[in-house]
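This report describes one protein chain, from a single side chain outward to the whole fold. Please consult the sequence and the structure shown below while reading.

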Amino acid sequence: MFSINKSEHEKTRRLVGMAILTALVLVLQAISANVKFGPFTVTLTLIPIVIGGILYGAKFGAALGGIFGIIVYITCISGLDAGGYMLFSVNPVYNGIQCIGKGILAGFIPAVVYKPLANKNITVATVVAALLAPVVNTGAFLLFMFTVFYDVLCEWAGNTPIAVYVVTILVGLNFIVEFAVSAVMSPAIVTVIREISKRQRQ
């Protein structure tokens with residue numbers, strides 16, 4: 001009887017945790033829509049996505065990333081993200097795949113990488129996962145820019161060499177801010193993961 005009650009308690013705690021993280025993704029991404037460096041918004045939402053993937057698995061990390069991606073796509077459609085709106089105007093389907101796809105990957109890949117590393121050192125695994133999220137998010141964005149939206153990229157760059165434009169203007173400052181936020185928050189994430197993991201074992 002006790003084991004059933006304990007199982008139900010763990011299930012409830014898990015659902016509450018997932019609901020809180022989902023709400024954080026929604027709120028932080030709504031705030032992020034107004035935080036801009038260059039033509040694109042800066043993502044402040046990767047931290048709860050990483051935490052969700054670590055605590056509840058890669059599938060949930062991917063789901064949180066997908067929610068994040070959908071919100072980003074909505075800002076592209078609405079014009080809140082000026083650069084995103086230009087891409088949407090060129091090809092709304094690929095722009096949707098770009099937004100949602102990079103979000104899913106940013107939630108899925110860090111969680112997958114975390115699992116084997118955590119068996120050796122939870123602190124290292126958590127920091128690596130946190131720092132990997134902005135790398136994947138930006139990398140997936142650039143993959144689409146250099147393939148599907150290459151003509152747009154060339155137009156934006158003008159007479160500036162593509163590599164210089166990408167590093168200094170398109171994603172340079174955005175990526176630095178996102179990576180810095182993840183780096184600064186890494187110790188806090190480690191503390192959260194350790195505390196929640198400890199409670200789950202009790």
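In which helix is phenylalanine 144 found? The residue belongs to helix H6, where helices (H or I, at least four residues) and strands (E, at least two) are DSSP runs numbered from the N terminus. The model is a predicted one, in which local features need pLDDT of at least 70, side-chain atom pairs count only at pLDDT 80 or more, and totals for chains, interfaces and linings use all residues. Residues are numbered from 1 along each chain as its sequence is written, and side-chain values use heavy atoms, with hydrogens and water left out.

**Burial of three residues**

The table uses these classes: buried is under 20% relative accessible area, exposed is over 50%, and partly exposed lies in between (1.4 Å probe, protein chains only).

| Residue | Relative accessible area | Class |
|---|---|---|
| Phenylalanine 144 | 17% | buried |
| Valine 148 | 36% | partly exposed |
| Aspartate 81 | 3% | buried |

**Around phenylalanine 144**

Apart from neighbours within four places in sequence, phenylalanine 144 has contacts (heavy atoms within 4.5 Å) with Tyr94, Ile97, Gln98 and Phe149. Its C-alpha is 9.3 Å from that of isoleucine 97, although 47 residues separate the two in sequence.

Ile97 also belongs to a nonpolar surface patch with Val93, Tyr94 and Val148, which together have about 350 Å² of accessible area. Such a patch joins nonpolar side chains (Val, Leu, Ile, Met, Phe, Trp, Tyr) within 5 Å, each residue having over 30% relative accessible area and no salt bridge, that is, no side-chain nitrogen of Lys or Arg within 4 Å of a carboxyl oxygen of Asp or Glu. Areas come from the Shrake-Rupley method with a 1.4 Å probe, and for residues only the protein chains shown count as cover. Valine 148 sits in the loop between helix H6 (122-146) and helix H7 (150-157).

**Helix H5 and aspartate 81**

Helix H5 (residues 92-118) spans 39 Å between its first and last C-alpha over 27 residues, close to the 39 Å expected at 1.5 Å a residue. At its start, a side-chain oxygen of asparagine 91 comes to within 3.2 Å of the backbone nitrogen of valine 93. The buried residues of H5 include Asn95, Gln98, Cys99, Lys102 and Tyr114.

Aspartate 81 occupies the loop between helix H3 (58-78) and helix H4 (82-90). Its side chain reaches the backbone nitrogen of glycine 84 at 3.0 Å.

**The whole chain**

The chain has 9 helices and 2 strands. Of its 202 residues, 43% count as buried.

Note on methods. Patches are made of residues with over 30% relative accessible area and no salt bridge: like charges are joined within 9 Å, nonpolar side chains (Val, Leu, Ile, Met, Phe, Trp, Tyr) within 5 Å. The expected span of a helix is 1.5 Å times one less than its number of residues. A polar contact is a pair of N or O atoms within 3.5 Å; within protein, one must be able to donate a hydrogen and the other to accept it, and residues adjacent in sequence count only if both atoms are side-chain atoms.
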